[in-house]
Amino acid sequence: MTGTHDPLRPHAHEPNPEPPSADAAFVFTNPAGAETIVTVADLARLPQIRLPNCYIVSTGHGTSGPFTFGGVTLLELVQSRLRPGESWSQVEVISADGFGNRVLAAELHQSPPSERPILLAITRNGRPLTRRQGLVRLIVPSETDDALRQVKWVGQIVVKR
Ligand SMILES: Nc1nc2c(c(=O)[nH]1)N[C@H]1C(S)=C(S)[C@@H](COP(=O)(O)O)O[C@H]1N2
Ligand SMILES: [Mo]
């Protein structure tokens with residue numbers, strides 16, 4: 001791995017155990033560059049799903065789980081903040097501690113829809129996810145390798161044309 005640090009291409013490292021801030025609200029940037037704030041209460045008002053049997057596979061301290069994560073799909077949030085028909089190709093999900101992940105629109109628009117879609121988690125095992133546990137946390141069920149897509153403390157979601 002060479003070059004300067006790109007938060008969207010993190011290398012495997014000792015995961016950060018400490019939340020970067022107390023507030024779980026984050027910034028949503030639409031394809032035109034306009035920013036709005038997303039709170040946990042905003043997410044709780046959108047349709048909720050539950051994903052049982054999720055594992056966080058850590059390079060640093062082994063595997064944890066199984067967890068049932070609950071929350072709103074990333075697709076649902078994006079669609080709720082965009083104009084109908086507004087086109088977009090990818091979403092950057094970046095944590096407040098500079099850890100990030102790129103999600104392609106094609107990953108979110110599967111046909112038939114995935115039974116284990118990418119989630120913005122606000123609960124774990126039926127209880128509110130704590131800030132220390134990663135609130136708001138991106139859960140990518142298809143990633144079962146090194147947890148590099150399981151972004152804790154989402155700080156910014158940027159939707160790109
Ligand atoms: N914001 C943020 N998210 C992150 C990380 C991090 O350092 N910061 N580390 C990743 C890595 S490498 C791992 S193994 C898991 C660890 O998750 P855990 O703390 O719930 O075990 O979080 C992932 N998500
Ligand atoms: Mo990891």
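About 480 Å³ of space lies in the largest pocket. The model is a predicted one. Of the 26 residues lining this largest pocket, Pro15, Ile56, His61, Arg137 and Lys152 are the closest to its centre. Two strands, β3 (49-58) and β4 (62-73), are the elements that give two or more residues to the lining. By class, that lining divides into 10 nonpolar, 10 polar and 6 charged residues.

**The ligand**

What sits in the largest pocket? Ligand 1 does. The shell around ligand 1 holds 18 residues. Asn16, Asp97, Arg137, Gln150 and Lys152 come nearest. By class, the shell has 7 nonpolar, 7 polar and 4 charged residues.

Three side chains make polar contacts with ligand 1. Each distance in the table runs from an atom of ligand 1 to an N or O atom in the side chain named.

| Ligand 1 atom | Side chain | Distance |
|---|---|---|
| Nitrogen | Asp97 | 2.7 Å |
| Oxygen | Arg137 | 2.8 Å |
| Oxygen | Lys152 | 2.6 Å |

How much of ligand 1 does the protein bury? Taken alone, ligand 1 exposes 530 Å², and the protein buries 93% of that.

Arg137 and Lys152 turn up repeatedly. Both are among the residues closest to the centre of the largest pocket, and both are among those that come nearest to ligand 1. Arg137 places a side-chain N or O atom 2.8 Å from a ligand oxygen. For Lys152, the corresponding distance to a ligand oxygen is 2.6 Å. Asp97 also belongs to the group nearest ligand 1. Its side chain faces a nitrogen atom of the ligand, at 2.7 Å.

**The second pocket**

The second largest pocket has about 250 Å³ of space. Its lining consists of 14 residues. Which of them lie nearest its centre? They are Glu107, Gln110, Ser114, Pro117 and Ile118. By class, the lining has 7 nonpolar, 5 polar and 2 charged residues.

**Backbone points to check**

Two cis peptide bonds deserve a look in the viewer. One runs from Gly65 to Pro66, with omega near 5°. Pro66 is in strand β4. That strand, β4 (62-73), also gives two or more residues to the lining of the largest pocket.

The other cis bond joins Leu135 and Val136, with omega about -10°. Val136 is in a loop, the one between β8 (127-128) and β9 (137-139).

Which residue has a positive phi although it is not a glycine? It is Asn53, with phi of about 60°. Asn53 is in strand β3. Strand β3 (49-58), like β4 (62-73), gives two or more residues to the lining of the largest pocket.

Conventions
Residues are numbered from 1 along each chain as its sequence is written. Chains are lettered from A and ligands numbered from 1 in the order in which they are written. This is a predicted model: local features need pLDDT of at least 70, side-chain atom pairs count only at pLDDT 80 or more; totals for chains, interfaces and linings use all residues. Side-chain values use heavy atoms; hydrogens and water are left out. A residue is near a molecule or strand if one of its heavy atoms lies within 4 Å of it. A polar contact is a pair of N or O atoms within 3.5 Å; within protein, one must be able to donate a hydrogen and the other to accept it, and residues adjacent in sequence count only if both atoms are side-chain atoms. Accessible areas come from the Shrake-Rupley method with a 1.4 Å probe; for residues, only the protein chains shown count as cover. On a 1 Å grid over the protein atoms alone, a cavity is a set of points where a 1.4 Å probe fits but cannot get out, and a pocket is an open set with protein on both sides within 12 Å along at least five of seven lines; lining residues have an atom within 4 Å of a point. A molecule sits in a cavity or pocket if more than half of its atoms lie within 2 Å of its grid points. Ala, Val, Leu, Ile, Met, Phe, Trp, Tyr, Cys and Pro count as nonpolar, Asp, Glu, Lys and Arg as charged, and the others, Gly among them, as polar. Grid points are joined across faces, edges and corners, and a volume is the space filled by probe spheres set on the points. Helices (H or I, at least four residues) and strands (E, at least two) are DSSP runs, numbered from the N terminus.
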